[in-house]
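Biologist: I'm new to this one and would like a slow walk through a single part of it. Please pick a stretch, stay with it for a while, and then show me how it fits with what lies around it.

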Amino acid sequence: MKFFKRAIGYFFLIIILFFAVLFIWRPYLARVLWYRQPNAVTYKAFPQENVRKSDTTFHFYRTTKTRIDLDSFKVRNGNKQMIPFSEYFKQGQLNAFIVIRNDSVLYEKYSAGYSDSTLTTIFSGAKSMVSIMLGQALNKGYVKSLNDKVTDYIPELNPNPAFKTITLKNLLDMKSGLEFQDTFGGIVKAFFSDEAKYYYTHDMKAELMKVKLVNKPGTVWKYKSIDPILLGWVLEMATGKSVAQFFEENIWRKIGAEYNASFGLDHPGGLANTASRFQVTAIDLAKIGRLYLSFGKYAGKQIVPEGWVRQSINIGNEQPASSKGWQKSAHHHLWWIPQDDENGDYAAEGMLGQRLYVDPKTNTIIIQFADHGAGDYPYRKISRYLAGLPFNYPKN
């Protein structure tokens, strides 16, 4: 009996020592173990830099009675089942869903505790904000060309040969060639993944300076967080301002934002996680959609260059490097652009079902915040239905 008690004691001691060594070797792993997969409010555990709201607020028009017919309108979920949207809302654990057309709120639905002013992380939707800022930096001359090398702006990366030929366009296209391990492949791989590392580390710069090159820059597309994080670092070095400051001064305060937004930092005063830690309210995120629907204009003023907006939401003759869903969405300029037989709509998309969807054909903006998401792509069907236009899902 004593032997077994002693053996159990040694076993637990070994486990404790193992994790102690593990967390000393990689301190961020303690955060990974504690928080595991982040949710829409995990950002509250980390330092933030606020993006201050506008002095003058833009308000979408709200009728005294919004439409309720969308509740019974049937859409398709991830299992290709046609279900009423009210059921889709429940299945996806949606927290907010707003449909805006011609600057009027046609439909809105919220889960308990949520409203259009609840600050929420949009995860990879943050990448699209980086795209907007890069266009601004080019327009203002802070960044000279997308063909510039990343080391032109971040000389600290020069000692690492992996960055020798990587351009800003390589980063914008997610074709940097840098090594990146996603979360797929089981619990252990997810635990040690680069996705988890860059989300939870206290020092993103230190991690970036150690990364290896596995493909020739510009040749292989891979969806990863480090490319937009590097672009965020470039923006800070080029402008002399933090990402939050630059976004606030050049975009947020100029589009009638009603509430403060924020970017999550790896440590106080540190680098913004521009890949997955942008916090925003649903009603203000819709104003980013409105800005792009107007090709960069707000109140008659050109906020973002029209050419940059058009270039970002249309891949032109470029061969798509990615294809997602029945709509065959391609990732382009850090936006998702459908490439099926009818296109023109586009979206900023984040993990767990965060969406900013824009449909120029119907002048519609849809915002979705969720804890899970019900899958498929109901936004185009909804936008066409509320505009009185036909829509049919593909037969395959």
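Modeller: Let's begin at a turn of the backbone: just after helix α9, Gly240 takes a positive phi of about 75°. Before going on, a word on the ground rules. This is a predicted model, in which local features need pLDDT of at least 70 and side-chain atom pairs count only at pLDDT 80 or more, while totals for chains, interfaces and linings use all residues. Residues are numbered from 1 along each chain as its sequence is written, and side-chain values use heavy atoms, with hydrogens and water left out.

Back to α9 itself. The helix covers residues 226-239, 14 residues in total. Helices here are DSSP runs of H or I with at least four residues, strands are runs of E with at least two, and both are numbered from the N terminus. From its first C-alpha to its last, α9 reaches 20 Å, close to the 20 Å expected at 1.5 Å a residue (the expected span is 1.5 Å times one less than the number of residues). Since 13 of the 14 residues of α9 are buried, the helix is largely enclosed by the rest of the structure. Buried means under 20% relative accessible area, exposed means over 50%, and partly exposed is what falls in between, using a 1.4 Å probe and protein chains only.

Helix α4 gives us a second example. Its 15 residues should span 21 Å at 1.5 Å a residue, and the end C-alpha atoms are 22 Å apart, which agrees. α4 is mostly covered too, with 13 of its 15 residues buried. Just after α4 comes Gly141, with a positive phi of about 85°.

Now for a partner. α4 (residues 125-139) packs with helix α10 (residues 243-250) at an angle of about 70°, their axes 11 Å apart. That makes the two helices, α4 and α10, roughly perpendicular. For this, axes are lines fitted to C-alpha atoms, for helices over the stretch in contact, and angles run from 0 to 180 degrees between N-to-C directions; under 35 degrees counts as roughly parallel, over 145 as roughly antiparallel, 65 to 115 as roughly perpendicular, and the rest as oblique.

Who does the touching? On the α4 side we have Met129, Met133, Gln136 and Ala137, and they meet Val243, Phe246, Phe247 and Asn250 of α10. Contact means heavy atoms within 4.5 Å. Sorted by class, the meeting of α4 with α10 has six nonpolar, two polar and no charged residues. Ala, Val, Leu, Ile, Met, Phe, Trp, Tyr, Cys and Pro count as nonpolar, Asp, Glu, Lys and Arg as charged, and the others, Gly among them, as polar.

Phe278 links up with both of those helices. Phe278 sits in strand β9 (residues 278-280) and is buried, at 0% relative accessibility. Leaving aside neighbours within four places in sequence, its contacts include Ala126, Met129, Phe247, Ala261, Ser262 and Phe263. Phe278 and Tyr43 are 235 residues apart along the chain, yet their C-alpha atoms are separated by 8.8 Å.

Glu49, in strand β1 (residues 48-51), shares some of that company. With neighbours within four places set aside, Glu49 is in contact with Ser242, Ala244, Gln245, Ala261, Ser262, Phe263 and Leu265. Glu49 counts as partly exposed, at 22% relative accessibility. Its C-alpha is 9.6 Å from that of Gly270, although their positions lie 221 residues apart along the chain.

Since we started with a positive phi, here are two more. Most residues other than glycine have a negative phi. Asp103 is not a glycine, but has a positive phi of about 65°; Asp103 is in the loop between β5 (94-101) and β6 (104-110). Leu352, in the loop between β14 (346-350) and β15, has a phi near 70°. Asp103 is partly exposed at 28% relative accessible area, whereas Leu352 counts as buried at 14%.

Finally, step back to the whole protein: 13 helices and 16 strands, with 53% of the 396 residues counted as buried. Among contacts with a separation of 6 or more, 66% come from residues 24 or more positions apart.
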